[in-house]
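Biologist: I am new to this structure, and I would like to learn how to read a sheet and what packs around it. Could you take me through it step by step?

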Amino acid sequence: EEVLNKLVNKHPIVPLILEWRSLTKLKSTYIDALPQLINPKTGRIHTTFNQTVTSTGRLSSVNPNLQNIPIRTERGRDIRKAFVAPSDDYVIMAADYSQIELRIVAHVCGDERMIDTFRQHKDIHASMAAHVYHVAEDEVTSTMRRNAKTVNFGILYGISAFGLAERLHIPQKEARELITDYFAGFPKISQYLSETMDFARQNGYVETLLGRRRYIKDITSPNAILRKAAERNAINAPIQGTAADLIKIAMVRIAQAIKEQQLDCRMILQVHDELVFEVRKTEVERIKRTVQELMSTALQLSVPLDVDINEGKSWYEAH
């Protein structure tokens, strides 16, 4: 797929092969497989969550992996229409942390611009694009915003100029300048990355905000490939790990509230930064307020924890 994406403009057959590949994957992985996994006693699909498999601390889902149901493409999203409320008296409700990893970055590095943007509930990608491209926010084009968004998330994974150039389909020189301008505009992010790397080299581990450690064994490896991978893990682990800690705290508190308030609601799925519920229609507003409050106060950061909540007859409508 990686090679085909590079050739997508070279010949008309390439996009057709990619489309065929995408459709056959959707069919075999979801459309054909999921109905076979329906439990005959409950009439439902049940996943198994693993607590201690991922190195970042996130829950993982297996048999089937319900965290992997597509979201990025329209055809992929259609799969979510199959996940429906059990009756007309219930709805599916999805509560999603908004840009949680960037909010954690803003908090840990203390960048005033990022913090101010989040406090004013502005579009973080457009705001950062304006600083990187040296234009007013209302002059930011969709391409500028998309490029800034790619850099925003790319720096969390230690993206290189080569990697950014490939992802944005731009020359390496332009990608390198984009990263340089980004760090020049947000020096505290660069400082955080440098300090995190130094800490990992000296101590052999990094920590989440709550003190949970991830050991980085190859951070001083003479093998450049292993060392670079370890450096990417060192940068990402405290951010993604803190996001994992955060949603688990929220889940525990919400579960307690459901029990204590005897709410007609079930927390049925966790997909990284999103929680999915089955809620009786008459209690939607009450439960929405409870979930909103408990998710947005699970950790006290220097930026607000915005939570987007929607509901509908299916998971597709709720997202």
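Biologist: In what order do the four strands of the open sheet lie, and is the pairing parallel or antiparallel?

Modeller: As a general idea, the strands of a sheet pair through backbone hydrogen bonds, and they do so either parallel or antiparallel. In this model, which is predicted, four strands form an open sheet in the order E6-E7-E3-E8, with antiparallel pairing. Strand E6 (265-271) and strand E8 (307-312) are the edge strands, each pairing on one side only, and from one strand to the next the twist averages 20°.

Biologist: How many bridges join E3 to E7, and how many join E3 to E8?

Modeller: Seven bridges join E3 to E7, while six join strand E3 (residues 90-97) to E8. You can follow both pairings from one residue, Ala-94, which stands opposite Val-276 in E7 and has Asn-310 as its bridge partner in E8.

Biologist: What connects E6 and E7?

Modeller: E6 and E7 form a hairpin with two residues between them, and in that turn His-272 has a positive phi of about 60°. Six bridges join these two antiparallel strands, and Cys-265 stands opposite Val-279 in E7.

Biologist: Which helix lies across E3, E6 and E7, and why is E7 described as largely enclosed?

Modeller: Helix H11 (residues 224-260) lies across E3, E6 and strand E7 (274-280), and it runs at about 170° to E6. As for E7, six of its seven residues are buried, so this strand is largely enclosed by the rest of the structure.

Biologist: How should I think about the two faces of a sheet, and which residues have the most contacts inside the largest nonpolar core?

Modeller: In a regular strand the side chains alternate between the two faces of the sheet. Here the largest nonpolar core has 62 residues, and those with the most contacts inside it are Tyr-97, Met-114, Ile-189, Phe-277, Val-291 and Met-295. H11 contributes the largest share of this core, 10 residues. A second, separate core has 16 residues, among them Phe-83, Tyr-90, Ile-92 and Val-276.

Biologist: If I pick out Val-291, which residues is it in contact with, leaving aside its neighbours within four places in sequence?

Modeller: With those neighbours left aside, Val-291 is in contact with Met-93, Ala-95, Ile-254, Phe-277 and Ile-309. Phe-277, like Val-291 itself, is listed with the residues that have the most contacts inside the largest core.

How values were computed
Residues numbered from 1 in each chain as written. Predicted model: local features only at pLDDT ≥ 70, side-chain atom pairs only at ≥ 80, totals over all residues. Heavy atoms only, no water. Pairing = 2+ DSSP bridges. Axes fitted to C-alpha atoms, helices over the stretch in contact; angles between N-to-C directions. Contact = heavy atoms within 4.5 Å. Buried < 20%, exposed > 50% of the residue type's maximum accessible area, 1.4 Å probe, protein only. Core = buried A, V, L, I, M, F, W, Y, C linked by side-chain atoms within 4.5 Å.
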